[in-house]
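Hi everyone, thanks for coming. Have a look at the model on the screen, and I'll talk you through a few parts of it.

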Amino acid sequence: MTERSHESHENVPSRQRRRFPDISSRAYEHPADRSALVALRKLSGFDTVFKTLSGLLPERSLRLLFLSDSVRVSDAQFTHLNDMLRDACYILDLEKVPPMYVTQDPRPNAMCIGLDEPIIVVTTGLVELLDEEEMRAVIGHEVGHALSGHAVYRTILLFLTSIAVKVAWIPLGNVAIMAIVTALREWFRKSELSADRAGLLVGQDIQASMRGLMKIAGGNHLHEMNVDAFLAQADEYEKGGDLRDSVLKILNLLPRSHPFTTVRAAELKKWSETRDYQRIMDGHYPRREEDKDTSVTDSFRESAAHYADTVRSSKDPLMKLVGDIAGGAGDLGGKLRDKFTGQGRGPAGKDGAAGGSSSDSDRPQEPGDAEGPGASGS
């Protein structure tokens, strides 16, 4: 069931929130989201798999499953969620309101899937965990996925992950599928950062967005948690340890569909303080009518600039090393050895070969429980 968001908004209580007519998803999409999706489309075999699965995936079955075994949000059921959904579509100027279902699952989660048209699904665990403004940000997050056209690729990832498990005993078949699954997961994680931004544009309350992510990580014990301390975890996670820890972070992240929750919170907080966010709030943003004139080259250039800035500003030991290599730093072998061992090369922290002093990043650090629980949320 779909309906025009403009026509249905008249029943939504008046709220003092800015609306963004004709906003393009480019306004809030993370640069890494766009570049990862372009790279995914260029992956060998992806076009064939995509076209094949688009014709084979049982989307009608999927829709019937939710219709028969979940509760559809409407004026008669979960009316407060229905108001939030229409409100989110109105703010982001999404022409049709996607169907939304509540499904029984104690794990807090939400998703936007579908090939022909998007479907939004939220679990009872998420509905019970979040307050109204936190939930508003989550629904805005899922509407952002719909506006960006993410639902198609997210649906294919779900089915490919299932197929990969079933054909794990076929060596070559599994390798081919897992290559695409790995690329899809990389894009999926980046798309979550884009959708978090869309959620903030809908809720327009950074504290509510932070609380929601914090609850997804630590449960409904808000009185026991602190946003500043939660964000400090992300900083500790990024800069902590030596090069071995950097490699472990990558290995821990590869099988996940979502970025770590503290990282998502830090990324969103950082974006909320940028000029780009303020310009959107002031009404200056890319319009959908301009999408046809956008250049793929410009998107790559923007993404490349983002990654270069990430390497320059990152506190992660591996990213620092990449920056040193890019900057032509000398004695690469020594730097690599020191960062893997977490130790300086000379007595009393002195570098006998180069005569320099050991930096903070070269000293071993106390291990901290900085990763936090895995996020299964929206």
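Okay, so the largest cavity has a volume of about 110 Å³. By cavity I mean, on a 1 Å grid over the protein atoms alone, a set of points where a 1.4 Å probe fits but cannot get out. Grid points are joined across faces, edges and corners, and the volume is the space filled by probe spheres set on the points. Before I go on: this is a predicted model, so local features need pLDDT of at least 70 and side-chain atom pairs count only at pLDDT 80 or more, while totals for chains, interfaces and linings use all residues. Residues are numbered from 1 along each chain as its sequence is written, and side-chain values use heavy atoms, with hydrogens and water left out.

Back to our cavity. It has 14 lining residues, meaning residues with an atom within 4 Å of a point. Closest to the centre are Ala137, Val138, Asp196, Ser209 and Leu213.

Which helix gives the most to that lining? That's H10, with five residues. Helices H7 (132-148), H9 (171-203), H10 (206-218) and H13 (261-272) each supply at least two. Helices here are DSSP runs of H or I, at least four residues, and strands are runs of E, at least two, numbered from the N terminus. By class, the lining has six nonpolar, five polar and three charged residues. Ala, Val, Leu, Ile, Met, Phe, Trp, Tyr, Cys and Pro count as nonpolar, Asp, Glu, Lys and Arg as charged, and the others, Gly among them, as polar.

Now stay with H7 and H10. Their axes come within 8 Å and cross at roughly 85 degrees; axes are lines fitted to C-alpha atoms, for helices over the stretch in contact, and angles run from 0 to 180 degrees between N-to-C directions. So H7 and H10 are roughly perpendicular to each other, the word for angles of 65 to 115 degrees. The contact (heavy atoms within 4.5 Å) takes in Glu133, Glu134 and Ala137 of H7, plus Ala208, Ser209, Arg211, Gly212 and Lys215 of H10. Those divide into two nonpolar, two polar and four charged.

What about the other pair? H11 (residues 227-239) packs on H13 at about 105 degrees, axes 8 Å apart, which makes H11 roughly perpendicular to H13. Among the contact residues are Phe230 and Tyr237 of H11 and Val263 and Lys269 of H13. By class, that contact has seven nonpolar, three polar and one charged residues.

Key
On a 1 Å grid over the protein atoms alone, a cavity is a set of points where a 1.4 Å probe fits but cannot get out, and a pocket is an open set with protein on both sides within 12 Å along at least five of seven lines; lining residues have an atom within 4 Å of a point. Angles under 35 degrees count as roughly parallel, over 145 as roughly antiparallel, 65 to 115 as roughly perpendicular and the rest as oblique.
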